Amino acid sequence: MDLRASARDLPCRIESMTKIRLAAASLNQTPLDWDGNLERIIAAIKTAREAGAAVVCLPELCISGYGCEDTFFAKGVQQTSLNMLLKLLPETKGIATTVGLPLVVDRILYNAAAFIADQSLVGFAVKQNLAGDGIHYEPRWFHPWPTGKVSEAEIAGEKYPVGDLVFDCKGTRIGFEICRDAWMKEKRPGKQLAERGVDILLNPSASHFAFAKQEIRRSFATEASRDFHVAFAYCNLLGNESGRAIFDGGTLIAAASNKDDGGIVAEGPRLSFLDSTMAAADVDLEAMRAKREEKFGANKPHGEVACGFELPTAQEEIAPTVRSPWDASPPPKKEEFARAVALGLNDYLRKSRSRGFVVSLSGGADSSAVATLVWLMVKLGVEELGEQGFRDRLSYMGGQLSEHSSAIVNSLLSCVYQSTRNSGDVTRSAAESVAQAIGAEFLEWSVDELVEGYTSTVSKAIGRELTWETDDISLQNIQARARGPSVWLLANLCSALLLATSNRSEAAVGYATMDGDTCGGLSPIAGIDKAFLLEWLRWMETTGPQGIGPLPALSAVNQQAPTAELRPPTEGQTDEADLMPYPVLDAIERAAIRDRLMPLEVFQELQPKLSEYSSEQLGTWIERFFTLWCRNQWKRERYAPSFHLDDENLDPKTWCRFPILSSGFERELEELREYLNTL
């Protein structure tokens, strides 16, 4: 390839050029699934070519998968990524594309995007700003590429340019911002690329789902088109790629139009059950060039790579892709939650090759929400893929799935009501009503004999009878733990995933029994707070997602006060009486954990907002929260994998690290007590 730092030898621009069709595609990839990943890449390129696209942008690290973790260090992974890249080249006839992969340059590993044009590998752009916060860990594996640096990589005996490059396709210049690069307000590469005369800015991404995050993406895409006067294409991964992170797709194309100076002109669907989605639109590069040159002056060429492929112009106008009808601006949180977790469950099911789900359905909010999300997984999947398409995605199950759409949930979900003498008719009736309404298999049994066996054994061993007056917590916990072995057995018999039912609010204060309600291989609601979950269940009862509608049977759940139902019925046990009102708990959690405030700061922040409670009461709850938070970190370390949904996640493996052993904020809590005494 001819790498040049001067514009004098560049081919003349083609003034007769009208419009270029630009496409961006999402992909549902799996780490190290070499053949499957390549198959989906080829299918997306074929779809874009058939749509008349000249350029299609494909996601970051889509060849290897984004979530390869420490296997990125393996030389076999690095080499196989290159082998797949070379295997892909013949599939790119008549189109330009980009695919992401790990790339070693001068014995250093980078996160790179290969630019391919008409069956030829032209070179590699490299990520300059790595994501190393929260759920991301890129600096563990990759090095950031220095701005302005240009080098070479040798692949199969050929040398290719690598670095901060601009690819010139016979007069049309293409540059890259790889995912996080576009999020950098002060160091955004797009500005320098605009000064270097780039016409098209590609952003291959692996941007995980979080509530309302699409608004931010829409913003930086719009800013690129307006501030840099370029056509901007953003693509993303799709689905539950590697276990915890859900990617929502949401491809974007932004460019100037006849009506304005720039903005979103096409947006693909989000949270789709398809293997790939695409956004496409025709962009007028000439109009943008004039405005860009007026703003930035003459091009400042650097690191330009000549490409012998001339991008074909759009022959017939197409209607730009539009977003999903449910996906408003800003996106509705309840819709996003329903669709994100449903998609996450579907991908976790099929990629783990499990044969269904088991839920210990108590009739309360948490377990009912989990069962409802499985029902939504089927409803949303069938709505988009069709009944046969949904079955095809689970073809490894053979004949297990029912041929009748109304019975698919029954083939995939078993719900079990496990009673004790402290269980009531209300929860049992609610559990059965929800299971019947969603079409799940409903089983029930009592664990009283197991509980009595454990308590009798221990009582004899220690020489005294266990009582509620002296052994309250222990007697509560043994009931929850006694439910674990039998429901695990059922899941094993079905080769199914046991779903844990603990939520984030209860994880924060350890209001969960280890090896009891935390039993499971996946914890789908551990990333969401209880106050929102209760709101969501009421919304599901009356409204539900667009195209699906409500689930009225949830009224039996929503009419109850949340309760663990582990004490004798005469105690009138409720969760909020044990802890504090859930909205208060969640407000304290956000202030203490998300915003990192100390106890006294939490009180001063929340007192004006929670003025209906006395200072003494609020102070008591804040102390209770911090004490329980510190005491129960070991529980959070043992939770089953959960889905990342927002920046309030408590998962210590991906987001919120805290020591298992600590002072328990003793000094800070004493400071709070002293302050309260002065009021």
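In this predicted model, strands β20 and β21 (residues 441-446) run parallel and are joined by six bridges. Within this pairing, Val416 sits opposite Leu443 of β21. Strand β20 also pairs with β19, again in the parallel sense, over four bridges; here Leu413 of β20 is the bridge partner of Phe357. A look along β20 itself shows a strand that is mostly covered, with seven of its seven residues buried. Leu413, Cys415, Tyr417 and Ser419 point one way from the strand, while Ser414, Val416 and Gln418 point the other way.

From these strands it is a natural step to the nonpolar interior. The largest nonpolar core holds 66 residues, and those with the most contacts inside it are Phe337, Leu345, Leu376, Met377, Leu412, Leu413 and Trp536. Two or more residues each come from α7 (333-351), β19 (357-360), α8 (365-393), α9 (408-412), β20 (413-419), α10 (425-438) and α14 (530-542). Of these elements, α8 gives the largest share, 13 residues. Leaving aside residues up to four places away in sequence, Trp536 touches Lys334, Phe337, Ala338, Ala369, Thr372, Leu373 and Leu376. A second core, separate from this one, has 39 residues, including Ala25, Val77, Leu88 and Tyr110.

The surface has a nonpolar feature of its own. Trp634, Ile660 and Leu661 make a nonpolar patch of about 340 Å². Among them, Leu661 lies in the loop between α20 (633-638) and α21 (666-677). Leu661 counts as exposed because its relative accessible area is 75%, and the cut-off for exposed is over 50%.

Notes:
Residues numbered from 1 in each chain as written. Predicted model: local features only at pLDDT ≥ 70, side-chain atom pairs only at ≥ 80, totals over all residues. Heavy atoms only, no water. Core = buried A, V, L, I, M, F, W, Y, C linked by side-chain atoms within 4.5 Å. Buried < 20%, exposed > 50% of the residue type's maximum accessible area, 1.4 Å probe, protein only. Contact = heavy atoms within 4.5 Å. Patch = residues over 30% accessible without salt bridge, like charges linked within 9 Å, V, L, I, M, F, W, Y side chains within 5 Å. Areas by Shrake-Rupley, 256 points an atom, 1.4 Å probe, with all protein chains shown as cover. Salt bridge = Lys/Arg side-chain N within 4 Å of Asp/Glu carboxyl O. Pairing = 2+ DSSP bridges.
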